[in-house]
Amino acid sequence: MLGGYAGKILDVDLETGELKDKMPDEEILRRYIGGKGLGLKLIYDEFRDDMQPFDPDNLLVFSTGPATGARVPTSGVSMCLRVNLRLQGQSGAGTQEGNGDLT
């Protein structure tokens, strides 16, 4: 496993409460570095053209990057990503800094 990542993705079904561990491919982790890159890749792979904003299959991704927990600048950033193309025509991402400020 590529250093810095926890080694798995937790998939939570909010309708049923089912939890599944997914093992990310190391090549994906190398190509899509960071919380935003990996999160957008996960959304891209699962998104369908006919998906509606509140479709149960639509994703809400919380992710961190490989430097999370290290004492380097921006290592405390986590991402929350979602796609809402039908309502706003755009995707969005918010970041959470280690100091608790939402930007």
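This passage describes the fold, burial, salt bridges, surface patch and largest pocket of a predicted model.

In this predicted model, local features require pLDDT of at least 70 and side-chain atom pairs count only at pLDDT 80 or more, whereas totals for chains, interfaces and linings use all residues. Residues are numbered from 1 along each chain as its sequence is written, and side-chain values use heavy atoms, with hydrogens and water left out.

The protein chain contains three helices and five strands, where helices (H or I, at least four residues) and strands (E, at least two) are DSSP runs numbered from the N terminus. Along the sequence these elements follow the pattern β-β-α-α-β-β-α-β. Of the 103 residues in the protein chain, 26% are buried; buried denotes under 20% relative accessible area, exposed over 50%, and partly exposed the range in between (1.4 Å probe, protein chains only).

Two buried residues illustrate contacts in space between separate parts of the sequence. G7 lies in the segment before β1 and counts as buried at 10% relative accessibility. L29, in helix α1, is buried with a relative accessible area of 1%. The C-alpha atoms of L29 and G7 are 9.8 Å apart in space, although the residues are 22 apart in sequence. G7 and E26 are separated by 19 residues in sequence and by 9.2 Å, C-alpha to C-alpha.

Salt bridges were assigned where a side-chain nitrogen of Lys or Arg lies within 4 Å of a carboxyl oxygen of Asp or Glu, and the count by this rule is eight. K8 and D21 form one of them, at 3.5 Å from N to O. This pair links distant parts of the chain, with K8 in the segment before β1 and D21 in strand β2, 13 residues apart. In another, the closest N and O atoms of K22 and E46 are 3.5 Å apart. K22 belongs to strand β2 and E46 to helix α2, so this salt bridge ties together parts that are 24 residues apart in sequence. Both partners are partly exposed, K22 with a relative accessible area of 33% and E46 with 39%. A salt bridge at 2.9 Å, N to O, joins the side chains of D50 and R48. R48 is partly exposed at 30% relative accessible area. Through shared partners, salt bridges join R48, D50, D55 and D57 into one network.

On the surface, L10, V12, L14 and L19 make a nonpolar patch of about 440 Å². Patches consist of residues with over 30% relative accessible area and no salt bridge, like charges being joined within 9 Å and nonpolar side chains (Val, Leu, Ile, Met, Phe, Trp, Tyr) within 5 Å; accessible areas come from the Shrake-Rupley method with a 1.4 Å probe, and for residues only the protein chains shown count as cover. Within this patch, L14 is found in the loop between β1 and β2 and is exposed, with a relative accessible area of 77%.

The largest pocket holds about 1,300 Å³ of space. On a 1 Å grid over the protein atoms alone, a pocket is an open set of points where a 1.4 Å probe fits, with protein on both sides within 12 Å along at least five of seven lines; lining residues have an atom within 4 Å of a point. The lining comprises 42 residues, of which L10, D11, L59, L60 and V61 lie nearest the centre of the pocket. Elements giving two or more residues to this lining are β1 (9–12), β2 (19–22), α1 (26–31), α2 (34–46), β3 (60–64) and β4 (78–84).

Note on methods:
Grid points are joined across faces, edges and corners, and a volume is the space filled by probe spheres set on the points.
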